[in-house]
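Subject: Structure for your review

Dear colleague,

Please find below the structure that I am handing over to you. I would be grateful if you could read the notes beneath it with the model open.

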Amino acid sequence: MSEAVVAKRYADALFQLANEKNNVVKLISELEVVKEVFLNDKKMIDVLKHPRISNHDKMNIINGAFGQFDKDVINTLKILVERHRINIITSIVDHFVHLYNEANGVAAATVYSVRALSDEEKANLESSFKKQFNKQSVSIKNVVDPTLIGGMRIRVGNTIYDGSISGKLNRIKHNIVSASI
C-alpha cells in the first residue's frame, strides 16, 4: 500500500476522533508544530527510525518532545514509531489540515510574490478568491520569491495562477521556440 494512502487513513482516523472530541482546531496547531519539528530536525527522524534504539526509548523521546500535546497526537506518533511509519507524519498533517479545510469551507492559497504582502493586499486577495471558489474563507500563506521579478504566482489546491513577470517571459520564450520549429 502506498505511503500516501496510509497517511490519508491515519489522518482520517485522527480527524474523526478529533471531531468527536470537538478539538480539531487544537490538534491542527499541535500537528503543525509536530510537522515543523520533523521537517527541521533530521536527527529526530533518524533516532526514531534507528533499529538499535528500543521502542521504549523512542516512546520516551516522543513523551519528552511532545509531552504537553494532546494525548491523541502523542498516541498517533507512538503508533507510527511502532509500525515504522514515522516518515509519513508530514503527509498525515497535510491531509488532516485538508480535511479540516474541506469540512469548514476554507480554501488554502499560497501566494508567491517578490515582497511580503500587506494586510490590505491579503484581504483583497482573500475576498476575490472567496467569490471565485465559493468558499467561506481563504487561508493565505505568503512566500517571498525574488525570482518572480514582479507580479505574483498563486496556488490554490492544484490550480496555479501565474501573473508573474518571469512566468510571462517563460511563456513568450516557449511561444518563440515553438514558432521557430
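The notes below move from the whole chain to the sheet, then to individual residues in the helices and loops.

Please bear in mind throughout that this is a predicted model.

Overall form

The chain contains eight helices and four strands. Their order along the sequence is α-α-α-α-α-α-β-α-β-β-β-α. The radius of gyration is 20 Å, whereas a compact globule of 181 residues would have one near 16 Å. Along the principal axes, the C-alpha atoms occupy a box of roughly 65 × 40 × 30 Å.

Buried residues make up 35% of the 181 in the chain. Among contacts with a sequence separation of 6 or more, 63% join residues that are 24 or more positions apart. The accessible surface amounts to about 11200 Å², and carbon and sulfur atoms contribute 52% of it. As for charge, there are 25 positive and 20 negative side chains, with the centres of the two sets 5 Å apart.

The strands

Strand β1 covers residues 106–113, and six of its eight residues are buried, so the rest of the structure largely encloses this strand. β1 pairs with two other strands, in opposite senses. With β2 (residues 137–144) the pairing is parallel and runs over eight bridges; with β3 (residues 152–156) the pairing is antiparallel and has five bridges.

Tyr 112 is a convenient residue from which to follow these pairings. Tyr 112 faces Val 143 in β2, and Tyr 112 also stands opposite Arg 153 in β3. From Arg 153 one can step onward to Asp 162 in β4, which stands opposite Arg 153. The pairing of β3 with β4 (residues 159–162) is antiparallel, over four bridges. These two strands form a hairpin with two residues between them, where Gly 157 adopts a positive phi near 65°.

Buried residues in the helices

Two charged residues of helix α2 deserve attention. Glu 30 is placed in this helix, and Lys 35 also lies in α2, which spans residues 24–40.

Glu 30 has a relative accessibility of 9% and therefore counts as buried, the limit being under 20%. Beyond residues up to four places away in sequence, Glu 30 touches Phe 69, Asp 70 and Val 73. Glu 30 and Asp 70 are 40 residues apart along the chain, yet their C-alpha atoms are separated by 7.8 Å.

Lys 35 has a relative accessibility of 17%, and so counts as buried as well. With residues up to four places away in sequence again set aside, Lys 35 touches Thr 90, Val 93 and Asp 94.

In helix α4 (residues 55–66) the residue to examine is Ile 62. Ile 62 is buried, with a relative accessible area of 1%. Outside its neighbours within four places in sequence, Ile 62 is in contact with Leu 48, Gly 67, Ile 74, Leu 77, Lys 78 and Val 81. For one of these partners, Lys 78, the C-alpha to C-alpha distance from Ile 62 is 7.3 Å, across 16 residues of sequence.

Loop residues with positive phi

Two residues other than glycine may merit a check of the backbone. Asn 22 has a positive phi, near 60°, and lies in the loop between α1 (3–21) and α2. Its relative accessibility of 72% means that Asn 22 counts as exposed, since the threshold is over 50%.

His 84 is not a glycine either, and its phi is also positive, at about 55°. His 84 belongs to the loop between α5 (71–82) and α6 (89–103). With a relative accessible area of 63%, His 84 is exposed.

I would welcome your comments on any of these points.

With kind regards

How values were computed: Residues numbered from 1 in each chain as written. Predicted model: local features only at pLDDT ≥ 70, side-chain atom pairs only at ≥ 80, totals over all residues. Heavy atoms only, no water. Rg over C-alpha atoms; globule rule 2.2 N^0.38 Å. Buried < 20%, exposed > 50% of the residue type's maximum accessible area, 1.4 Å probe, protein only. Contact = heavy atoms within 4.5 Å. Areas by Shrake-Rupley, 256 points an atom, 1.4 Å probe, with all protein chains shown as cover. Lys, Arg positive; Asp, Glu negative; His and termini not counted. Charge placed at Lys NZ, Arg CZ, Asp CG, Glu CD. Pairing = 2+ DSSP bridges.
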